[in-house]
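Reader: I've just opened this structure and I'd like to learn how to read it. Could you walk me through it, feature by feature?

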Amino acid sequence: MLFRSDFNEVTFAVRVKGKSWSTVGTSDHRLLSVTGFKDGLYRAYVNQDKYKKGTVLEFVAIAVNANGEKLASGLQSYTIK
C-alpha cells in the first residue's frame, strides 16, 4: 500500500499492442498546481509523432514507495489519431 507521506516513484511504460514494453519516464514528485487534483498527479509524456495514425498503444504505471513495495496500474489503451 502506498501512503501519501512516503516517497513514491512512478515509472510509466508504453508498448504498441502485442509488442515489447519500453520506459516512457519516471516521476518522483506530484505536479500539484497544474492538475486540478488536490493531491496532484505523477506524469510522463509520450511523443505520439513516433507512431502512425491508428496505432494502438498500451500504457502501465508502476509505483514504488520508500519501503520498496510496488503497485501496478491497470492496462490503459490509446489509439493514435
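Author: Happy to. Start with the order of the elements: from the N terminus on, the protein chain runs β-β-β-β-β. That makes five strands and zero helices. Keep in mind that this is a predicted model.

Reader: Since it's predicted, what average pLDDT does the protein chain have?

Author: The pLDDT is the predictor's confidence in each residue, from 0 to 100. Here the chain averages 85, and 80% of the residues score at least 70. You can also go element by element: strand β4 (residues 70-72) has the lowest mean, 90, while strand β5 (residues 76-79) has the highest, 96.

Reader: Now the strands. Which way do β1 and β2 run when they pair, parallel or antiparallel?

Author: Antiparallel, over five bridges. The two form a hairpin with five residues between them. Have a look at Gly18 in that turn, where phi is positive, at about 85°.

Reader: And how many bridges join β1 to β3?

Author: Nine, and those two strands run antiparallel as well. Phe12 is a handy place to see both pairings. On the β2 side Phe12 stands opposite Gly25, and in β3 its bridge partner is Ala61.

Reader: What should I know about side chains along a strand?

Author: In a regular strand the side chains alternate between the two faces of the sheet. There's a second idea to carry along: in soluble globular proteins, nonpolar side chains tend to be buried together.

Reader: Which residues make up the largest nonpolar core here?

Author: Five of them: Val10, Phe12, Tyr42, Ala61 and Ala63. The elements giving two or more residues to this core are β1 (8-16) and β3. Tyr42 is a good one to click on. Leaving out residues up to four places away in sequence, Tyr42 touches Asn8, Val10, Phe12, Ser27, Asp28, His29 and Arg30.

Reader: How much of the chain is buried overall?

Author: Buried residues make up 22% of the 81 residues. Looking from the outside, the accessible surface comes to about 6000 Å², and 52% of that belongs to carbon and sulfur atoms.

Reader: His29 was on Tyr42's contact list. Where is His29 found?

Author: In the loop between β2 and β3. Because its relative accessible area is 46%, His29 counts as partly exposed. Setting aside residues up to four places away in sequence, His29 touches Leu41 and Tyr42. Its C-alpha is 8.8 Å from that of Arg43, which is 14 residues away in sequence.

Reader: Is Lys53, in contrast, buried or exposed?

Author: Exposed, because its relative accessible area is 73% and the cut-off for exposed is over 50%. Lys53 sits in the loop between β2 (22-27) and β3 (56-65). Not counting residues up to four places away, Lys53 touches Ile80 and Lys81. Lys53 and Ile80 are 27 residues apart in sequence, yet 5.1 Å apart in space, C-alpha to C-alpha.

Reader: So sequence distance and spatial distance are two separate things to check. What share of contacts joins residues at least 24 apart?

Author: Among contacts between residues at least 6 apart in sequence, the share is 46%. Phe59 in strand β3 gives you a case to look at. Leaving aside neighbours within four places, its contacts are Ala13, Val14, Trp21, Val46, Gly74, Leu75, Gln76 and Tyr78. Phe59 is partly exposed, because its relative accessible area is 22%, and buried would need under 20%.

Reader: Last feature: how many salt bridges does the structure hold?

Author: One. Arg15 pairs with Glu58, and the closest N and O atoms are 2.7 Å apart. The pair links distant parts of the chain, with Arg15 in strand β1 and Glu58 in strand β3, 43 residues apart.

Reader: Why does Glu58 count as buried?

Author: Because its relative accessible area is 6%, and buried means under 20%. Its partner Arg15 counts as partly exposed, because its relative accessibility is 21%.

Terms used:
Residues are numbered from 1 along each chain as its sequence is written. Side-chain values use heavy atoms; hydrogens and water are left out. Helices (H or I, at least four residues) and strands (E, at least two) are DSSP runs, numbered from the N terminus. Buried means under 20% relative accessible area, exposed over 50%, partly exposed in between (1.4 Å probe, protein chains only). Contact means heavy atoms within 4.5 Å. Accessible areas come from the Shrake-Rupley method with a 1.4 Å probe; for residues, only the protein chains shown count as cover. A nonpolar core is a set of buried Ala, Val, Leu, Ile, Met, Phe, Trp, Tyr and Cys residues joined through side-chain atoms within 4.5 Å. Two strands pair if DSSP finds at least two bridges between them. A salt bridge is a side-chain nitrogen of Lys or Arg within 4 Å of a carboxyl oxygen of Asp or Glu.
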